[in-house]
Amino acid sequence: MNNLNDPPRWNIQPDQGGREAGAGWIWTRDSQNEIQKVKVQYDKDVSMIKSEMEARYRDTLTESRRAVATLELELEKEKQRVKGYQEALVSHSQRLIQERKQLEQEREALNDEKQKLVKSGAVGAALHDALGRESGWYQRASATLRDLEGLLVERQNAYCSLIQPREHRLEMEKNMLLKVVKDPVTAELGLESDLKDIFKRDKHCADMMNMDKRKNGSLMWVYLKYWQLQITLQKHKRAEEAIFDWRIQSNK
């Protein structure tokens, strides 16, 4: 019988503990190798991602710099265009001032002449008739300018509109040019070249919320004032010429 105080060791071998320790060492070494591989791959992935991000950053930076350079060039062009437009306005304003001074001088001279002529009854009657005829011409010319002003307001509104087609505006401009060429009053004043200048240079539009068409345009308003002065000056010149012709006839 087996001695219960000395039980058999069953299947436990004397070197079993050593085998278990060796297996643990092999597992630890394999695990370290796997961890090292993962670390190496991770470093490669991070390096690749970093390189791609740096390349994208450089591309984005280059594109941004190119865009900024383009915008700066466009801005400079716009500044030059505005500068040219402002210089044109100054030039037209100066011409308007000179015409106004000339008109005042002509008016003063004509008033002096009228005072002399009114002293004579016959000459005074002739002056009255001449001024009456030229006043009629002046009224027709003023009415024509008012019509032209309305057409210019509509044309500028079409230019500033985001919905009206360009062809509609061009048709309006064509009709306006035909009108000033055919109308005796505007043809005498020579407004065709002035209109073409307006169509080419007047690009002023009020803000997007504007509901008043007359707030659009800038150069056109300068021209309209200039034209009004022109017809006023022509009125007095024509009256003066009529009186001069009467003098020649009366002295024959």
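Leaving aside its neighbours within four places in sequence, with which residues is Phe-199 in contact? In the predicted model, the residues that Phe-199 contacts under this condition are Leu-152, Arg-155, Glu-173, Met-176 and Leu-177. Phe-199 itself belongs to helix H5. Its relative accessible area is 12%, and Phe-199 is therefore classed as buried, the limit being under 20%. The C-alpha atom of Phe-199 is separated by 8.7 Å from that of Gln-156, a residue 43 positions away along the chain.

The overall architecture provides the setting for this residue. The protein contains 6 helices and 0 strands, and the order of its elements from the N terminus is α-α-α-α-α-α. Of the 252 residues, 26% count as buried. The accessible surface of the protein amounts to about 18,500 Å², and carbon and sulfur atoms account for 54% of that surface. When contacts between residues at least 6 apart in sequence are considered, 72% of them join residues at least 24 apart.

A covalent cross-link was also identified. The count for the model is 1 disulfide, formed between Cys-160 and Cys-205 with an S to S distance of 2.0 Å. This pair links distant parts of the chain, the two cysteines being 45 residues apart. Cys-160 is situated in helix H2, whereas Cys-205 occupies the loop between helix H5 (192-201) and helix H6 (219-250). The disulfide is left-handed, because the torsion about the S-S bond of Cys-160 and Cys-205 is about -90°. Cys-205 has a relative accessibility of 29% and so counts as partly exposed, a class that lies between the limits of 20% for buried and 50% for exposed residues.

Nonpolar side chains were further examined at the surface. Leu-162, Ile-163, Met-208 and Met-209 together form a nonpolar surface patch, with a combined accessible area of about 600 Å². Within this group, Leu-162 is located in the loop between helix H2 (121-160) and helix H3 (166-182). The relative accessibility of Leu-162 is 70%, which means that this residue counts as exposed, the class requiring a value over 50%. The three residues examined individually thus fall into separate classes of accessibility: Phe-199 is buried, Cys-205 is partly exposed and Leu-162 is exposed.

Conventions. Residues numbered from 1 in each chain as written. Predicted model: local features only at pLDDT ≥ 70, side-chain atom pairs only at ≥ 80, totals over all residues. Heavy atoms only, no water. Patch = residues over 30% accessible without salt bridge, like charges linked within 9 Å, V, L, I, M, F, W, Y side chains within 5 Å. Areas by Shrake-Rupley, 256 points an atom, 1.4 Å probe, with all protein chains shown as cover. Salt bridge = Lys/Arg side-chain N within 4 Å of Asp/Glu carboxyl O. Helix = DSSP H or I, 4+ residues; strand = E, 2+ residues; numbered from the N terminus. Buried < 20%, exposed > 50% of the residue type's maximum accessible area, 1.4 Å probe, protein only. Disulfide = S-S within 2.5 Å. Contact = heavy atoms within 4.5 Å.
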